[in-house]
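Work through the exercises below with the structure open. Try each task before you read its solution.

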Amino acid sequence: MDCTRVNWEALDALIIDFVTSENLVVEDDACANSSPSPSSSPCISSSSYHARLIIRRIRNSIESGDIQNAIDTLRSHAPFVLDDHRILFRLQKQKFIELLRKGRHEDRVAAIHCLRTCVAPSALDAYPEAYEEFKHLLLALIYDKDDQTSPVSNEWAEKRRYEMAGLMSSVLRASLQAYDPLFSMTLRYLISIHKGFCFHQGISSAVSDLTHRLLLEERDPPATPLESMYEAPPFDEVDIQALAHAVELTRQGAVDSMKFAKGDLFQAFQNELCRMQLDVSVLDELVKEYCIYRGIVDSEMQMITGPVKRNQFEVAHRLSRDCSAEIDLNTSQHSDVEDYCMLDGALVNDAEMSSKEGGEVGSERTNVSEDCSNSWSNKCENTRALVRIRSHMNCESNKRKRWRGRIDETDRLPDPSFSKSETGINPLENKYEIALALKELVSRGMVAEAVNEISTMDPDFFTQNPVLHFHLKQVEFLKLVSAGDHNGALKVACSHLGPLAANDQSLLKTLKETLVVLLQPDGNTTGKDLPLNDLANTLQVSVGNRLGIEEPQLMKIIRATLHSHTEWFKLQMCKDRFSNLLKIDSLKEVNTDLIGAIKSRSNKENNANLSSQLTTTSSSTMTSEDGGSSSLMMTTQTSSREALWEESAILKVMEFLALSRSDAIQLLSQYNGNAEAVIQQLFG
């Protein structure tokens with residue numbers, strides 16, 4: 001399994017943008033009193049979403065055979081599309097077929113009327129072959145739709161609906177700039193690269209089952225450029241090859257895509273990515289699982305069915321959600337926690353109790369208290385732990401979103417408000433909350449509190465995770481040094497860092513670098529702005545594993561596909577032209593170097609103090625050394641050119657032989673970089 005590190009905060013940002021853009025979540029406060037009308041719904045934030053709804057409505061109409069409804073929708077929302085006579089002719093042809101398909105006498109009359117008034121006139125202005133297609137279409141009047149040997153069996157085929165629907169989606173997406181959210185495009189691209197890399201290398205993928213279910217083989221038909229674009233000036237071959245290999249097009253397909261995008265490489269790239277079809281239901285489930293795991297949305301597992309008494313609900317809600325006040329478990333509030341645990345038991349055994357009419361509640365509570373002896377599986381201890389952890393963070397009220405799901409809004413936008421159900425928070429499912437709260441503690445730099453809580457709940461946890469323990473204690477050490485408590489820092493080093501490094505030699509180098517921080521002048525060491533996100537995420541995964549929480553499948557997909565992306569472009573010996581557009585670079589930017597962060601801050605401060613002196617002396621130094629540095633740069637560039645073949649030669653081989661960049665370079669290496677020799681040898 002690859003060890004690719006991922007910037008999960010960058011993925012969080014992409015996911016939040018995705019679920020918001022697709023209207024998959026709601027804010028409870030924002031949507032509680034919202035109106036069902038689209039204009040007043042605060043959950044729908046962009047015109048792009050409305051445009052995608054229009055496209056979805058048109059697509060659904062065509063796929064169901066309701067061509068007239070699709071045409072009416074186009075006239076209402078995108079009339080300019082019907083100005084393209086090629087599209088109008090194809091729609092009218094399909095409308096004729098669908099009317100005949102119904103089989104009733106009145107529909108056949110309507111089909112003939114459509115043929116006279118719509119199909120024939122539009123055929124005259126569509127394209128040169130259109131009139132021949134029109135005459136061929138007349139055969140559908142005499143050949144049955146179920147006759148697979150008829151000359152018009154293709155016209156009768158229902159796949160024509162889906163081809164037409166896909167074509168309209170491609171055209172409308174580009175025309176309305178209604179591209180799918182960035183995460184959706186990034187995922188398509190990464191999976192496509194991953195599949196290509198695995199095939200090229202002849203290796204199997206650990207996530208192949210997921211990726212095959214998620215990214216379908218089918219693509220929407222491409223939107224073809226108008227005839228007026230056929231005489232477009234030639235495009236840069238570098239752009240053509242980059243597009244062709246990024247989205248698996250022929251060279252001519254890439255040229256046509258560039259023509260349709262009027263030479264805009266990145267628009268053409270987005271058009272092609274959105275042609276790739278994702279299984280939306282699978283995608284939504286993966287995203288939902290990830291959102292629950294990362295605390296972006298509330299977990300459905302926290303909700304229970306069945307009524308809960310009001311006073312019980314208030315105890316549960318206050319203890320599990322309210323973290324605005326410090327809580328001392330040694331005070332009378334401890335009884336609230338016990339009540340909460342008893343509520344836990346009552347909820348768990350609700351079904352049992354209903355079947356045991358006349359059973360004593362006291363015996364049920366005895367069973368609950370007996371269950372309070374295990375560590376991570378101890379629900380009562382988990383409840384207390386969650387209260388303690390949140391008491392460390394003077395946190396605001398929960399602002400998580402609620403999962404709404406993908407609702408059919410092609411006809412109208414329903415009221416996204418939710419009625420308050422008579423349900424309570426299920427304290428059995430505090431596991432997600434504990435892992436998330438511990439992650440939050442570490443991300444805020446409160447590692448000592450996190451370590452203490454984990455050790456209280458599970459004394460063996462850090463015995464099984466010594467490297468994680470070392471890095472947490474390393475942060476605690478740096479925080480103490482930053483606060484000027486060198487004695488406290490040395491105690492942490494002697495009690496924890498030293499013994500841990502003694503048992504794992506790979507940690508010795510890090511330990512030495514950590515101890516050097518003690519030598520920094522007072523005030524030059526800061527515990528703020530340390531890169532703690534990766535450490536916090538690692539802790540969440542480790543704690544989650546102990547709690548029986550599986551890592552989301554989406555995390556596995558992203559980790560595997562990012563690894564393949566990196567390895568693929570190593571083979572291609574070039575940088576990905578589209579990685580910045582799709583935020584792939586951000587997903588790979590993971591800073592785990594705590595000592596480096598401190599050194600960097602110290603260097604910046606020192607550089608700022610010396611900036612005036614350096615400015616005075618640098619101009620004369622640069623003047624005297626300019627010639628030398630320039631010649632060195634030219635020598636470096638020349639040597640790199642000699643190390644690889646000329647870019648023009650690589651592109652020529654890629655173009656003429658339709659090869660990938662890495663294969664073209666390998667061929668050139670056999671012929672000393674001579675592109676003509678390569679082509680002549682293969683075609684001669």
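Start at glycine 445, just after helix α21: glycine 445 takes a positive phi of about 85°. This is a predicted model, where local features need pLDDT of at least 70, side-chain atom pairs count only at pLDDT 80 or more, and totals for chains, interfaces and linings use all residues. Residues are numbered from 1 along each chain as its sequence is written, and side-chain values use heavy atoms, with hydrogens and water left out.

**Exercise 1.** Find the span of helix α21 and compare it with the expected one.

Step 1. Helices are DSSP runs of H or I with at least four residues, numbered from the N terminus. Helix α21 covers residues 431-443, which is 13 residues.
Step 2. The expected span is 1.5 Å times one less than the number of residues. For α21 that gives 18 Å.
Step 3. From first C-alpha to last, α21 reaches 19 Å, close to the expected value.

**Exercise 2.** Decide whether α21 is largely enclosed or not.

Step 1. Buried means under 20% relative accessible area, exposed over 50%, partly exposed in between (1.4 Å probe, protein chains only).
Step 2. The buried residues of α21 include Tyr432, Ile434, Leu438 and Val442.
Step 3. In total, 10 of the 13 residues are buried, so α21 is largely enclosed by the rest of the structure.

**Exercise 3.** Place serine 662 and list its contacts beyond its neighbours within four places in sequence.

Step 1. Serine 662 sits in helix α32, residues 661-670.
Step 2. Its relative accessibility is 3%, so serine 662 counts as buried.
Step 3. Contact means heavy atoms within 4.5 Å. With those sequence neighbours left aside, serine 662 is in contact with His200, Leu571 and Gln572.

Notes: Helices (H or I, at least four residues) and strands (E, at least two) are DSSP runs, numbered from the N terminus.
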